[in-house]
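Subject: The structure for you to look at

Hi,

Here is the structure I promised to pass on. Have it open while you read, and turn it around as you go.

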Amino acid sequence: MKICVYTCITGNYDKVNEIKLKEPDIDYYLFTNNKKIKSKTWDVIYINSDTLDDAKLSREIKIIGHDIIRNGYDVSVWMDGNIIIEKSIHQFINTFMTDDTKFLAFKHSKRNSIAEEMEACIEHQKESIYNVERLREFYKQENFKDNTGLIECTVHVKKHNDPQVIETMKLWFDMVKGYSGRDQLSFNYAISKTGLKVTWINENVWDNEWFSNNNHIPSKHKENFKVYFETDGVFTEQNIKVGKYQINKNIYTAIFKNPTNSKTIRFDPTDLKEMKCSNLVIKGCGKYTIDYVNCLRLDNIIYFKNDDPFFIIHTSQKTEEIEISMVLSKQTDKDIKSFMDLIDMQKDKIEFYEEREPNIQQSLARLKQIENSRGWKALEKCRRILKRNDSI
């Protein structure tokens, strides 16, 4: 088999991850529309499109491929631009592919259905509610049974010239163009229509011996923040403010205007992964409450998790200018141990109540039965009469 590995970087979304382990009988291609991108280890191929934006152009290369790939190779290995090869590609393919494998992919590490991914896309502002609802309605009309799991598209391997693979990839990309650029929302639908059998890898694509990853380029590490302002019950890309922190040692201050006078604001600290926050102070909101999403609070310290942490701030008044300041520092090994202890403690609580749940339900049912009995109602009547006499 002739094998190639390929990736695509459009615009300025990723930096080039040079290949640490390059095997001589495998070719490596980096497709890009950014003429500034150069590489010592990838064969850089410049591409362009008059009809597709950067995101869709990258998806086209990812899903459909390129003539160089289709005409020269039997097997292609796709990697997102932030992925780094840690071990032999030959060993990876030989470990997971069989003779009848046409498409090899990782299962999603967190979710198991398109419906769950739709909700995550809305929650993390990865896709508009409009596009998600259009796609949801389409699946309803198609009677699509969302029971085939969920793909992690970050790394996958395919025999790209197989007719069934070609048919599936065309349908997949048509869905990406027509409904949502979030390719995970349509892959499993495409394979349900064409019958393509996928060989699934039951390992975490973000935590395995074959690949590691660098995060996509942040717009200046730990310097920028984003604020979304609620309009008609949703946070939209139309009402977004991108700002730069005022930084004094380890004190980060975000100051921004509220153009819509919204009382509900989503504040994204952005690239503060593996950081912790203390001394959080919010000015300009009057009384407020905060919902912490993808954050962990222990002893008044907020720990940012790796997947898009943000605050939802509910204010008591319409405001024009808001100031958020916090002390930021790196999470320590001690912090991580505290997380694990907390998780173990919560797990013990859940198991305790799960074991006793049938007895609890029986007791509640018995109490309800007693409350509705004639004897209990008579006692309640006597209690009210005695209480009234006491007050007199």
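Let's start with a single pair: what joins the side chains of Lys-257 and Glu-321? It's a polar contact of 3.3 Å. Before you go hunting for it, keep in mind that this is a predicted model.

Lys-257 sits in strand S13, which covers residues 251-257. Is Lys-257 buried or exposed? It's exposed, because its relative accessible area is 52% and the cut-off for exposed is over 50%. Setting aside neighbours within four places in sequence, Lys-257 is in contact with Phe-229, Glu-320 and Glu-321. You can also find Glu-323 from here: its C-alpha atom is 9.0 Å from that of Lys-257, although 66 residues separate the two along the chain.

Next, go to Ser-262, in the loop between S13 and strand S14 (264-268). Ser-262 counts as buried because its relative accessibility is 6%, and the cut-off is under 20%. Its side chain reaches the backbone oxygen of Thr-264 at 2.7 Å. A polar atom of the Ser-262 side chain also lies 3.3 Å from the backbone nitrogen of Glu-230. Beyond four places in sequence, Ser-262 is in contact with Phe-229, Glu-230 and Thr-315. Phe-229 may ring a bell, as it's also on the contact list of Lys-257.

Now zoom out. The protein has 392 residues, and 41% of them count as buried. There are nine helices and 20 strands. If you take the contacts with a separation of 6 or more, 72% are between residues 24 or more positions apart.

Two helices worth finding are H1 (residues 54-63) and H6 (residues 163-178). How do H1 and H6 run relative to each other? Their axes come within 10 Å and cross at roughly 170 degrees, so the helices are roughly antiparallel. On the H1 side, the contact is made by Lys-56, Arg-59, Glu-60 and Ile-63. H6 brings Met-169, Trp-172, Phe-173, Val-176 and Lys-177. Sorted by class, that makes five nonpolar residues, four charged ones and no polar ones.

H1 itself is mostly covered, with seven of its ten residues buried. Those are Lys-56, Leu-57, Ser-58, Arg-59, Ile-61, Lys-62 and Ile-63. Note that there are lysines and an arginine on that list. The cover over the buried residues of H1 includes S1, S2, strand S4 (75-79), S7 and H6. Look at both ends of H1 too. At its start, a side-chain oxygen of Asp-53 reaches to within 3.2 Å of the backbone nitrogen of Ala-55. After the helix comes Gly-65, with a positive phi near 90 degrees.

On to the inside. Nonpolar side chains tend to be buried together in soluble globular proteins. Which residues touch the most other members of the largest nonpolar core here? They are Phe-31, Phe-103, Trp-172 and Phe-187, out of 28 residues in that core. At least two residues each come from strand S1 (3-9), strand S2 (26-32), H1, strand S6 (103-107), strand S7 (151-158), H6 and helix H7 (187-194). The largest share, five residues, comes from H6.

Click on Trp-172 for a good view of this region. Apart from neighbours within four places in sequence, Trp-172 is in contact with Ile-63, Phe-103, Cys-153, His-156, Asp-183, Ser-186, Phe-187 and Ala-190. There is also a second, separate core of 27 residues, including Ile-37, Ile-89, Met-97 and Val-205.

H7 has six of its eight residues buried, so the rest of the structure largely encloses it. The buried ones are Phe-187, Asn-188, Tyr-189, Ala-190, Ile-191 and Thr-194. Among the elements covering them are S6, helix H4 (114-123), helix H5 (129-142), S7, H6 and strand S8 (198-201). Just after H7, Gly-195 takes a positive phi of about 80 degrees.

One last stop: His-108, in the loop between S6 and H4. His-108 counts as buried because its relative accessibility is 13%. Its side chain reaches the backbone nitrogen of Lys-110 at 3.0 Å. Leaving out residues up to four places away, His-108 touches Glu-117, Leu-150, Ile-151, Glu-152 and Gln-184.

Happy exploring!

Terms used. Residues numbered from 1 in each chain as written. Predicted model: local features only at pLDDT ≥ 70, side-chain atom pairs only at ≥ 80, totals over all residues. Heavy atoms only, no water. Helix = DSSP H or I, 4+ residues; strand = E, 2+ residues; numbered from the N terminus. Buried < 20%, exposed > 50% of the residue type's maximum accessible area, 1.4 Å probe, protein only. Contact = heavy atoms within 4.5 Å. Polar contact = N/O pair within 3.5 Å; in protein donor to acceptor, adjacent residues only side chain to side chain. Axes fitted to C-alpha atoms, helices over the stretch in contact; angles between N-to-C directions. Parallel < 35°, antiparallel > 145°, perpendicular 65-115°, else oblique. Nonpolar A, V, L, I, M, F, W, Y, C, P; charged D, E, K, R; others polar. Core = buried A, V, L, I, M, F, W, Y, C linked by side-chain atoms within 4.5 Å.
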